[in-house]
Amino acid sequence: MSKLSLIIRREYLTRVRKKSFIIGTLLAPVGLLVYMLVIIGLSSYQGSDEIKVAVLDEAKMVNPLPDEKGVRFIPSGNKTLEALKTEVTEKKLDGVLRIPPLGNFQQKDHTIFYYSDEKLAPEKSGQIEKRIAAKIKAFKMDSLKLDAERLKLLESDVSIDPEGIKSDQEDDQSKYTAGVGIAVGGIMTFLLFFMVLMYGQMVMKSVMEEKTNRIVEVMMSSVRPFDLMMGKIIGAGLVGLTQVVAWVVLSGAVSFIVPLVMGFDAGQMQAPMTQGDATIDPELMQDTGMRIMAELSRQNWPLLIGSFIIYFLGGYFIYSSMFAAIGSAMGDDTGEGQALTLPATIPLILAFYIVSMAGWRNPDSNLMVFSSIFPLFSPIAMPFRLAFNPPWWQVALSLTLVIASAIFFVWLAGRIYRVGILMYGKKVTLKEMWKWTFYNG
Amino acid sequence: MILSIQDVVKTYGDYMAVNHVSLEVQKGSVFGMLGPNGAGKTSLIRMITTITAPDSGTIYLDGAKLHSRSPEQIGYMPEERGLYKKMKVGEQLLYLAQLKGLTKAKAQQEIDMWFEKFDIKDWWNKKVEDLSKGMQQKIQFIATVLHNPKLLILDEPFTGLDPINTNLIKDEIGQLNAAGTSIIFSTHRMEQVEEMCDHIVLINKGKNVLYGEVQAIKNEYKQNLYRVETAGEPPTDLPDRFAVVKAEKNALTFKLDDEAQSNDLLKLFLQKGTRVTRFEEILPTFNEIFIQRVAETGD
């Protein structure tokens with residue numbers, strides 16, 4: 001076995017065998033499981049006990065009111081407000097809802113009053129407002145002698161369906177293209193950001209550990225510093241890939257098994273948001289689902305996955321080699337060294353922010369085009385844009401730059417690392433690190 | 001010649017760590033590289049062990065210019081030394097030995113031999129962090145010599161060693177040397193190694209200030225100090241030209257202007273009828289030689 005592969009093997013095995021790795025790898029999907037169960041639990045949670053509310057309908061606009069979930073409406077009959085209030089005090093009722101008459105029909109805002117010493121839960125308050133508004137609308141239509149059926153004809157749902165002009169782009173896009181693109185690109189960006197940051201810092205920690213342990217000079221007398229650094233970077237990278245593969249497999253299994261076990265449809269998780277509204281037309285929903293599926297299948301997956309891997313490798317090598325260089329300069333004093341990690345973390349975070357703030361609004365804006373080509377940003381930004389079919393020359397340029405930069409940064413880090421790793425008891429500045437790159441062998 | 005260093009220069013930025021140093025180490029010798037902290041010893045060793053490369057000059061190991069496989073012939077115990085704390089002793093030694101070019105089987109065989117020798121056969125599965133400091137030092141030494149290096153370089157070998165391990169390691173070094181391994185000691189504690197070395201180099205501020213055979217250097221730097229031990233009280237009425245630099249109960253130490261006067265000194269004692277039990281020339285220690293030499297060169 002070559003020395004480099006010996007180092008990679010050790011770096012990989014010691015990490016993968018660690019309890020923290022095994023726990024973390026297993027626990028993340030379990031965490032997802034717990035999260036899903038909590039969401040399911042919350043969505044089926046009925047809120048607090050039912051409340052009884054007397055409705056004092058002064059203008060006879062809204063009665064009778066059918067009961068809401070968690071709210072029972074009781075017609076006031078002939079009781080006065082004062083009598084009702086007493087009933088609230090006597091705990092026979094939870095509150096009194098007084099609906100004053102409308103001043104005139106032009107008036108849009110209408111205030112109704114709720115008498116109680118208990119606070120009305122926001123959820124219930126919203127339900128009641130919505131229900132009363134619907135009732136007032138019906139009352140107005142009735143008063144104005146408007147035909148509800150004919151009024152419905154006034155409503156239209158408008159959506160833009162993008163169409164290409166060149167023939168080869170015909171029917172290439174639909175109104176779901178952007179949404180699906182954002183989802184696919186967003187997930188890739190998110191994964192890349194966290195993987196690069198997490199495993200880059202893992203490399204840094206491990207470099208610092210070797211320096212603090214004082215084993216590094218023993219190692220240097222057997223292997224070239226560059227091999228040691230590369231072994232570490234590659235070893236940790238493989239650990240990252242292992243973990244992601246494990247997560248994907250386990251999460252897939254979890255999200256597949258849980259709904260089966262719970263007899264629960266994942267679509268229902270959205271239930272709290274759509275509650276109270278008219279049910280969605282199942283035909284339309286199926287249609288939307290089909291279109292999204294079609295849109296997903298239209299994505300160039302081999303290209304997406306292929307470039308995901310290249311950008312991951314590119315980004316990982318760029319940033320982990322920066323972190324390795326920083327770790328080599330830092331050594332024991334983590335406190336002082338924190339400032340040194342900023343040059344490596346800022347571009348990474350900036351790229352992530354650009355994508356999450358500007359990317360989804362317009363993936364082809366000048367800022368995004370720049371970010372997807374600039375090699376410190378492109379590993380995060382370009383995968384997002386890839387879901388939107390960017391011009392091929394931008395992809396080619398971005399790929400070239402990212403690969404070239406990865407090579408450059410690994411080389412640069414190697415120059416810094418070989419000096420820094422043997423330097424003890426000295427506070428190191430960025431300027432100092434830059435000087436090291438010019439030292440001979 | 002196991003090691004030949006020719007006009008080697010190493011700079012870090014503006015700082016000249018090694019300034020045109022040349023020296024040679026004979027096969028089978030015990031060579032002392034002496035000098036204060038920061039003199040450039042470690043910089044020099046790092047070039048020998050190929051950790052860094054000289055800016056100019058050449059280093060030959062066993063007749064061949066240093067190359068990528070040279071480290072496999074060198075055992076190096078750096079001053080800054082350590083082990084992977086979380087790794088098991090056996091695995092760690094296997095790993096380090098394989099990095100020195102040994103096959104796994106050969107490494108295993110060597111480890112077994114050393115474990116037997118130090119009577120630590122049950123340590124294989126212990127984590128380094130669970131070992132005492134003294135135990136770790138033993139493992140560190142085994143890791144250094146496991147691959148049977150031709151040249152063993154020990155940088156400040158005895159710092160942090162307890163007396164028992166110091167003796168143990170000294171014995172092992174002696175045995176390795178007897179078996180033909182050439183050894184370089186590097187230390188600022190000159191008195192620690194001068195008894196063990198046959199050749200030395202004194203390094204100060206990156207320069208080779210003194211280099212040669214131990215006895216020859218001592219002779220060159222002797223200050224004509226003579227110590228006379230007597231059976232009774234030594235005489236007091238001595239002529240001024242015999243300056244007493246140190247008076248003990250039964251001995252006097254003189255500094256003579258000229259070594260030819262030593263016979264006169266002895267003659268004087270005999271004339272006085274004092275019974276002389278011992279008459280010896282005091283040779284300087286390397287500490288003293290170093291100080292003198294540095295004063296001479298004006299650095």
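**Entry 1: the start of chain B**

I began with Gln6(B) and looked for its bridge partner in β4(B), which turned out to be Thr58(B). I note here that I am reading a predicted model, and I keep this in mind for every entry below. The pair belongs to a longer match, for strand β1 (residues 3-12) of chain B and strand β4 (residues 56-61) of chain B run antiparallel and are joined by five bridges.

I then followed β4(B) onward to strand β5 (residues 64-65) of chain B, and I found two bridges between them, again in the antiparallel sense. Leu61(B) is the residue that stands opposite Ala64(B) of β5(B). I recorded β4(B) and β5(B) as a hairpin with two residues between the strands, and in that turn Asp62(B) has a positive phi of about 50°.

**Entry 2: the domains of chain B**

I looked up how chain B is divided, and the domain assignment gives domain 1 as 3-216 and domain 2 as 223-282. Taken over C-alpha atoms, the centres of domain 1 of chain B and domain 2 of chain B are 44 Å apart.

**Entry 3: an open sheet in chain B**

Next I traced a sheet of four strands in chain B, which is open, has antiparallel pairing and follows the order β12-β13-β11-β14. I asked myself which strands stand at the edges. They are β12 (243-247) and β14 (276-282) of chain B, and because each has a single partner strand, one side of each is left without a neighbour in the sheet. When direction is ignored, neighbouring strands of this sheet are turned against each other by 25° on average.

For the pairing of β12(B) I looked at strand β13 (residues 251-255) of chain B, to which β12(B) is joined by four antiparallel bridges. Within β13(B), I found Phe254(B) opposite Val244(B).

I also checked what lies across these strands, and I found helix α8 (residues 262-271) of chain B over β11 (225-230), β13 and β14 of chain B, with the helix running at about 20° to β11(B).

**Entry 4: where chain B touches chain A**

I then turned to the contact between the chains, in which 24 residues of chain B meet 18 residues of chain A. On the side of chain B that touches chain A, the elements giving two or more residues are β6 (74-77) and α2 (89-99) of chain B. The largest share comes from α2(B), with four residues. I sorted the residues on this side of chain B by kind and noted 14 nonpolar, five polar and five charged.

**Entry 5: chain A and one glycine**

For chain A I wrote down 16 helices and four strands, and I saw that buried residues make up 30% of its 441 residues. Among the contacts in chain A between residues at least 6 apart in sequence, 71% join residues at least 24 apart.

I chose Gly95(A), found in strand β3 (residues 95-99) of chain A, for a closer look. Is Gly95(A) buried or exposed? I entered Gly95(A) as buried because 23 C-beta neighbours lie inside 10 Å, where 20 or more are needed.

Gly95(A) is 42 residues from Val53(A) in sequence, yet the two lie 4.9 Å apart in space, C-alpha to C-alpha. Leaving out residues up to four places away in sequence, I found that Gly95(A) touches Ile51(A), Val53(A), Val88(A), Tyr114(A), Tyr115(A), Ser116(A), Glu118(A) and Leu120(A).

Conventions:
Residues numbered from 1 in each chain as written. Chains lettered and ligands numbered in written order. Predicted model: local features only at pLDDT ≥ 70, side-chain atom pairs only at ≥ 80, totals over all residues. Pairing = 2+ DSSP bridges. Axes fitted to C-alpha atoms, helices over the stretch in contact; angles between N-to-C directions. Contact = placed C-beta atoms within 7 Å. Domains from an automatic or database assignment. Nonpolar A, V, L, I, M, F, W, Y, C, P; charged D, E, K, R; others polar. Buried ≥ 20, exposed ≤ 12 C-beta atoms within 10 Å, placed from the backbone.
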